[in-house]
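Student: I have a model open and some questions about it. Can we start with the pockets?
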Amino acid sequence: MEKSKQQDGHEISSEEHLRHPLFLNALQSIEEGGKIIKADPNIVARLKRPKRCIIVSVPVRMDDYNVKVFSGYRVQYNSTLGPYKGGVRYHQDVCLGEVVGLAALMMIKNSVMGLPYGGGKGGISVDPTKLSRTEKQNMTRRYTSEIGPFIGPNKDIPAPDVGTDPQTMAWMMDTYSQEQGYTQSGVVTGKPVEIGGSLGRNGATGLGAVYVTERTYEKIGKSMKGATFAIQGFGNVGSHAALYAFERGAKVVSVSDVNGGIFNGDGLNIKELIEFVKTNKTVVGFPKSQKISNEELLFLDVDTLMPCALEAVIDTHNVDKIKARMIVEGANGPVTNDATKILHSKGVLIVPDVIANGGGVVVSYFEWVQDSMSFFWDEDEVNNRLKSIIVKAFDKAYLMAKEKNVDMRQAAMAVSVDRLQKAMLLRGLYPR
Ligand code: NAD
């Protein structure tokens, strides 16, 4: 069997790459979704394998003049609905199996959000915090050049993920454009606004999560105004979600970051908190709040819990302590599948990550559309269009959940597989 070497030196076979836990989770979701809609087994079999996995070596001249060779990946999972789309991750744990799993999740997410995209993902196995700016730029440019023949505005459109940011996307866009001979801003999304980025992209994931939360309240016949919220994580997703929920009258009683949590039963003033974090770099120590632990935040008796930091923070070990009545997954995979089933049986409504944090990829889609037209929208237009797309995706899954008597995560998977199946059957199998 074919073998390849990981950064830690041990060899794994190509089939073992397909046994990465993240990919196995994605496969379980595809199977569950397929079962609910009684999907054609031939379609499910095709959805369970990536279409193309690209492995590149990325040699980089380091500041000490030595050359280091990093492993880079781009997985093009499925292109039935349109060009491949998904982020690029720089992290020391990146390996082919992880990228395959993340690419499968992007296929599921793009499909359920109703976007004209397939699923893809990329990454480099590297600790980016150990690189200088020049080293990071050189690595990004060489990686872009290596995957260059396979990407493009009509083929595969990368975006930022863990360890990459708008500056990284600017380098990728510039490298690709230099090699093509003219500016192709639509080759990546998540760029700075000055070079074809979209207004509203920065807060889009948090805003999208609040739009679906508002919709969930409407569906259960309650108002979000005055409802109590606890939000884990105060980074890009958590801080924007907290701000937009606060602006809409929710009572955000607790938030946290890696240093711990804060609580105020009368509600925290999120605008003041954001100013406090700018100077103090943490939420801890905010006046008129008491310190609590990240664990305690999860177990608060609140109307809505938004885990916006890490994956698997609620699992079978702590699920019994959860008192929240609604959970909106701002982060990727914060509630495990087993814990979801237990909470669903107790009547807790969980809005799954593929919908709740889909706002980022929706506004990436808007960026790509604006780049292709060279015509840019104001922020209100971006936000209104985001609301319409994310609410529509939520409504479809909500209806599926009611019709099939399943939880919202299973329903989202069913909607996703259903859309993919319809398109695959129409396109057929080439050659027959
Ligand atoms: P971020 O790095 O900006 O923020 C992460 C936050 O989590 C920080 O406040 C950090 O202090 C906190 N945190 C870290 N460890 C913690 C711990 N042990 N306990 C509590 N808090 C902790 O990241 P982000 O962009 O906000 O992403 C958060 C999650 O949302 C990730 O799962 C990410 O994959 C997912 N996500 C992000 C986007 C996006 O557009 N940014 C889109 C989709 C999904």
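Tutor: Yes, bearing in mind that this is a predicted model. The second largest pocket has a lining of 13 residues.

Student: Which of the lining residues lie nearest the centre of the second largest pocket?
Tutor: Arg46, Lys51, Ser79, Thr80 and Met424.

Student: What volume does that pocket have?
Tutor: About 380 Å³ for the second largest pocket.

Student: And how does its lining split by class?
Tutor: Five residues are nonpolar, four are polar and four are charged.

Student: Which strand and which helix each supply at least two residues of that lining?
Tutor: Strand 4 (67–78) and helix 15 (408–427).

Student: Changing topic, to the open sheet of seven strands. What is the strand order?
Tutor: The order is 11-10-9-8-12-13-14, and the pairing is mixed. Strand 11 (290–292) and strand 14 (349–351) are at the edges; each has a single partner strand, so one side of each has no neighbour in the sheet.

Student: How much are neighbouring strands turned against each other?
Tutor: By 20° on average, with direction ignored.

Student: Take strands 12 and 13. How many bridges join them?
Tutor: Two, between residues 304–307 of strand 12 and residues 326–328 of strand 13, and these strands run parallel. In this pair, Thr304 is opposite Met326 of strand 13.

Student: Which strands does helix 7 lie across?
Tutor: Helix 7 (residues 204–219) lies across strand 8 (228–232) and strands 12, 13 and 14. Its angle to strand 13 is about 155°.

Notes:
Residues numbered from 1 in each chain as written. Predicted model: local features only at pLDDT ≥ 70, side-chain atom pairs only at ≥ 80, totals over all residues. Heavy atoms only, no water. Pairing = 2+ DSSP bridges. Helix = DSSP H or I, 4+ residues; strand = E, 2+ residues; numbered from the N terminus. Axes fitted to C-alpha atoms, helices over the stretch in contact; angles between N-to-C directions. Contact = heavy atoms within 4.5 Å. 1 Å grid on protein atoms, 1.4 Å probe; cavity = no way out; pocket = protein on both sides within 12 Å on 5 of 7 lines; lining within 4 Å. Points joined across faces, edges and corners; volume = space filled by probe spheres on them. Nonpolar A, V, L, I, M, F, W, Y, C, P; charged D, E, K, R; others polar.
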